[in-house]
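Me: Could you take me through how one reads a structure of this kind, feature by feature, with the general idea before the particular case?

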Amino acid sequence: EVLYLPRPSLICMSMATSNAAYPLKFNIISKCGTTAARTAKMQLPHATVDTPVFMPVGTKGSLKALTTDELSKLGCRIMLGNTYHLGCRPGPEILSSSGGLHGYMHWPHALLTDSGGFQMVSLSKLCNIDEGGVTFTSPYNGTELRLTPEESIRIQNGIGADIMMQLDDVVHSSTTGPRVKEAMERSIRWLDRCLAANARPTQQCLFPIVQGGLDSDLRIQSLDALASRDVAGFAIGGLSGGEAKSTFWRIVKLCTERLPAGKPRYLMGVGLPLDLVVCVALGVDMFDCVLPTRTARFGVALVPEGQLQLKKRQFETDLRPIDDRCSCPCCTGGYSRAYLATLLKEDGVTLGCSLLTAHNVAYMLNLMSEMRQSLVDGKFSEFVRHFFRLQYPNPTDYPEWAVEALKSVGVSLLSGEDVKKSSCNVDGSGDVEVK
């Protein structure tokens, strides 16, 4: 039987990277005087990244419908790759001989790689988990792939990402019972194996992942154990799986309050604009999600007021740009909503998808830039209120969970009169169709 150790052994500590050797420096520039939000400069080997930051997801080494040059011109300085998929194809040997993923995909800026742990949920029917690691049946050719903490790090060392994720034992957020505790404790043991396996600790830093499901006591055990390890930053995992938003924000806040204040905090897989604004207020620094690219493939444009469903007939004669406040190549290039509506219906995922992807990624990057500037200017609370007024012209539509979350960090969205009238939307996806 493998016992859970809440604190690292002396051997584990000796193998961990020292603070002086971290290939990451996190310099906080400004903090909100009301909320837990802060802006910082995160120096990595391939880029200096301003936080809070949204990281587009290039699972297999590409952002669908955009070249790396186009993504760079939008201002993106860090993006994601996925260890499981890249480990399957093209494989770590090809990546290593190409100069890592940076050389393979011609990306000069920072990279973060997921460890492959999430595939335990997304590919749950194709995997078996034990103390040693996880065995996958490849969705590509049916062959087996054995992913251990050591193998995950070996692949990530070959990929060459600036930030690597530990391999963790991931369960769906709706899971309850002993399996959640088992996964949390195993993730801590796997973390120590990942730290010991990192062959490039002065070039690639490793983030542990807080687990524990929706159980606050298990989250605290995970937080305390991970905070005792010598690491450069932390990730919060196991959320954005369909759990109630009223629970989601409380788990996020629990984590940000207990994690070290001087290191970056990364909330994995979260990307709805509303969620980003609320979670920045709760103290999160980094986010990733497929939202801007996936919604583009379905003909959905992100705008400050919510979303535009461009495939709807009403846009076929609308000659305005998606958003005349946006400086992306789509909005400034003379491409109208009507043109995009026609492209999206007739050519599927080619030119229309490319233009819309550029816009959606630009929207997300600009949203984070506006939050950073509001923090520097000391006006973050005002930014939050303005964001909500645009998304929800009627305050009675404010999602109840978001109102409660922001109130917990000192931001009141509703006036006394609004509170009397409010029948807040409990679910609160934050997606409002713009007419």
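**A loop residue to begin with**

Reply: Let us start with Thr-396, which is found in the loop between helix 16 and helix 17, and let us keep in mind throughout that the model is predicted.

Me: Is Thr-396 buried or exposed?

Reply: Burial is judged by relative accessible area, and buried means under 20%. Thr-396, with a relative accessible area of 14%, is therefore buried. Its side chain makes a polar contact of 2.8 Å with the side chain of Asn-394, and, C-alpha to C-alpha, Thr-396 lies 8.6 Å from Leu-414, although the two are 18 residues apart in sequence.

Me: Which residues are buried in helix 17, and what covers them?

Reply: In helix 17, which spans residues 400–407, the buried residues are Trp-401, Ala-402, Val-403, Ala-405 and Leu-406. What covers them includes helix 10 (245–258), helix 11 (273–281) and helix 16 (380–391).

Me: How should I describe the way two helices pack?

Reply: Two packed helices are described by the angle between their axes and the distance between the axes. For helix 11 and helix 15, the angle is about 25° and the axes are 11 Å apart. Angles under 35 degrees count as roughly parallel, which means that helix 11 is roughly parallel to helix 15. The crossing of these two helices is right-handed.

Me: Which residues of helix 11 and helix 15 meet?

Reply: From helix 11 come Pro-273, Leu-276, Val-277 and Val-280, and these meet Tyr-363, Met-364, Leu-367, Met-368 and Met-371 in helix 15. The general idea is that an α-helix has 3.6 residues a turn, so residues three or four places apart point the same way.

Me: How do I read a sheet, and in what order do strands 1, 2 and 3 stand?

Reply: One reads the order of the strands, the direction of their pairing, and then the edges. Here three strands form an open sheet in the order 1-2-3, with antiparallel pairing. Strand 1 (25–31) and strand 3 (47–51) stand at the edges, and each has a single partner strand, so one side of each is left without a neighbour in the sheet. From one strand to the next, the twist averages 15°. Strand 1 and strand 2 (residues 38–44) run antiparallel and are joined by six bridges, and Ile-28 has Ala-40 in strand 2 as its bridge partner.

Me: Which helix lies across strand 1, strand 2 and strand 3?

Reply: Helix 15 (residues 351–376) lies across these strands and runs at about 115° to strand 2.

Me: What can be said of the two faces of strand 4?

Reply: For a strand, one asks about each face in turn. In strand 4 (residues 53–56) both faces are covered, since Val-53 and Met-55 on one side, and Phe-54 and Pro-56 on the other, are all buried. Strand 4 runs parallel to strand 15, to which four bridges join it, and Phe-54 stands opposite Phe-287 in strand 15.

Me: Where is Asp-285 found, and what polar contact does its side chain make?

Reply: Asp-285 is found in the loop between helix 11 and strand 15 (286–289). This residue is buried, with a relative accessible area of 0%, and its side chain makes a polar contact of 2.7 Å with the side chain of Arg-38. Not counting residues up to four places away in sequence, Asp-285 touches several others, among them Phe-26, Thr-51, Val-53 and Lys-263.

Me: What does the protein come to as a whole?

Reply: The secondary structure comes to 18 helices and 17 strands, and 57% of the 435 residues count as buried.

Methods. Residues numbered from 1 in each chain as written. Predicted model: local features only at pLDDT ≥ 70, side-chain atom pairs only at ≥ 80, totals over all residues. Heavy atoms only, no water. Buried < 20%, exposed > 50% of the residue type's maximum accessible area, 1.4 Å probe, protein only. Contact = heavy atoms within 4.5 Å. Polar contact = N/O pair within 3.5 Å; in protein donor to acceptor, adjacent residues only side chain to side chain. Pairing = 2+ DSSP bridges. Axes fitted to C-alpha atoms, helices over the stretch in contact; angles between N-to-C directions. Parallel < 35°, antiparallel > 145°, perpendicular 65-115°, else oblique. Left-handed = near helix turned anticlockwise from the far one by under 90°.
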